[in-house]
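User: I would like to go through the reasoning behind a few labels that have been attached to this model, with each value set beside the cut-off that it has to meet.

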Amino acid sequence: MNQLAWFQQLHIWLMIRPFLSRLVRFLHISLIEARSERQSSYLGIIWSPLSTLIFTVMLAVVFRQPHHISAGEFYLYVLAGYVVWNFIASTITSSTTVIQRRFDFAVHNNLTLIGLFYKLLIDRLFAMSMDLALLFFAILLLAPVSMGSHLFLILPLILMLSLVSISVAYIVNLSVILFPDLDAIFSVGVRFMFFVSPVFWGAEGDATGVRALLIDYNPAAYFLSVFRQAFGVISFNPADWFVAVGLSVALCAVGFNAYKRSNTFVRNLK
């Protein structure tokens with residue numbers, strides 16, 4: 001019985017090993033690329049979380065309502081929202097011309113079509129990891145009592161966001177290939193979505209009117225909410241997780257179907 005269990009574990013390890021190996025390789029490439037982009041500055045890649053810190057502090061100072069929430073609580077609300085919003089926005093804006101502009105990179109590195117999108121997902125996760133480090137530090141500094149068992153939700157949440165990200169990235173890129181004008185529309189749309197999503201508003205939890213509609217019918221609002229819940233910034237709400245998981249399944253299904261119907265468009269990728 002023990003020998004059977006050992007063989008099963010070995011089989012699982014052999015299955016996931018190639019993915020882990022590629023993950024480490026892509027993370028290393030992401031680090032090199034991030035350093036090269038900031039090689040002329042003294043702080044280097046530290047500028048990434050530093051810019052997030054500066055911008056979120058500005059948002060917290062300008063939009064906080066002192067009579068409804070404390071400064072620390074509001075800052076964590078804004079920071080957590082902005083971290084996941086950055087990931088959502090970069091998923092869309094960096095994916096409009098993936099195949100068109102990264103074709104040579106894919107061929108040079110012997111990547112499949114999915115491998116190319118996986119590489120860009122790792123780039124986004126690498127950038128997000130620096131913001132996550134900032135968020136963890138801010139929570140430890142401003143609200144250490146909020147650290148609890150809900151943190152176990154972070155890993156499945158990151159996995160869910162990753163699957164959604166790679167699906168949305170493919171859908172966006174395919175849409176731009178078929179309708180090139182969507183490139184500009186997606187760019188404008190992301191800026192518009194920033195203001196209609198509860199990134200820096202809605203902390204009071206009693207939104208009414210238009211804001212209530214934006215929270216109820218804006219898909220991004222649910223991902224913002226479950227992300228904040230996983231970090232203990234707001235209280236746990238099972239309904240938000242149910243909707244977020246449902247949206248994730250739907251988006252992944254659409255992305256998979258789009259890939260199956262269109263992957264032969266680019267014939268020079270494996």
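The exchange below takes up a pair of helices and then a single residue.

User: Why is H5 called oblique to H6?

Analyst: In this predicted model, the axes of H5 (residues 113-142) and H6 (residues 154-178) come within 10 Å and cross at roughly 135°. Angles over 145 degrees count as roughly antiparallel and those from 65 to 115 as roughly perpendicular, and since roughly 135° belongs to neither range, H5 is oblique to H6. The crossing in which H5 passes H6 is right-handed.

User: Which kinds of residue make up the contact of H5 with H6?

Analyst: Its residues divide into 15 nonpolar, three polar and one charged. Among them are Phe 117, Leu 121, Arg 124 and Met 128 of H5, together with Ile 158, Ser 162, Ser 165 and Asn 173 of H6.

User: What makes H6 a mostly covered helix?

Analyst: Of the 25 residues of H6, 18 are buried, a label that requires under 20% relative accessible area.

User: How do you know whether Gln 229 counts as buried or exposed?

Analyst: The relative accessibility of Gln 229 is 2%, and because the cut-off for buried is under 20%, Gln 229 counts as buried. Gln 229 lies in helix H9 (residues 219-230), and, leaving aside residues up to four places away in sequence, Gln 229 touches His 150, Ile 234, Ser 235, Phe 236, Asn 237, Asp 240 and Trp 241.

User: Where does Gln 229 stand relative to Ile 154?

Analyst: Their C-alpha atoms are separated by 9.4 Å, although the two residues are 75 residues apart along the chain.

Definitions and conventions
Residues are numbered from 1 along each chain as its sequence is written. This is a predicted model: local features need pLDDT of at least 70, side-chain atom pairs count only at pLDDT 80 or more; totals for chains, interfaces and linings use all residues. Side-chain values use heavy atoms; hydrogens and water are left out. Axes are lines fitted to C-alpha atoms, for helices over the stretch in contact, and angles run from 0 to 180 degrees between N-to-C directions. Helices (H or I, at least four residues) and strands (E, at least two) are DSSP runs, numbered from the N terminus. Angles under 35 degrees count as roughly parallel, over 145 as roughly antiparallel, 65 to 115 as roughly perpendicular and the rest as oblique. A crossing is left-handed if the near helix is turned anticlockwise from the far one by less than a right angle, and right-handed if clockwise. Contact means heavy atoms within 4.5 Å. Ala, Val, Leu, Ile, Met, Phe, Trp, Tyr, Cys and Pro count as nonpolar, Asp, Glu, Lys and Arg as charged, and the others, Gly among them, as polar. Buried means under 20% relative accessible area, exposed over 50%, partly exposed in between (1.4 Å probe, protein chains only).
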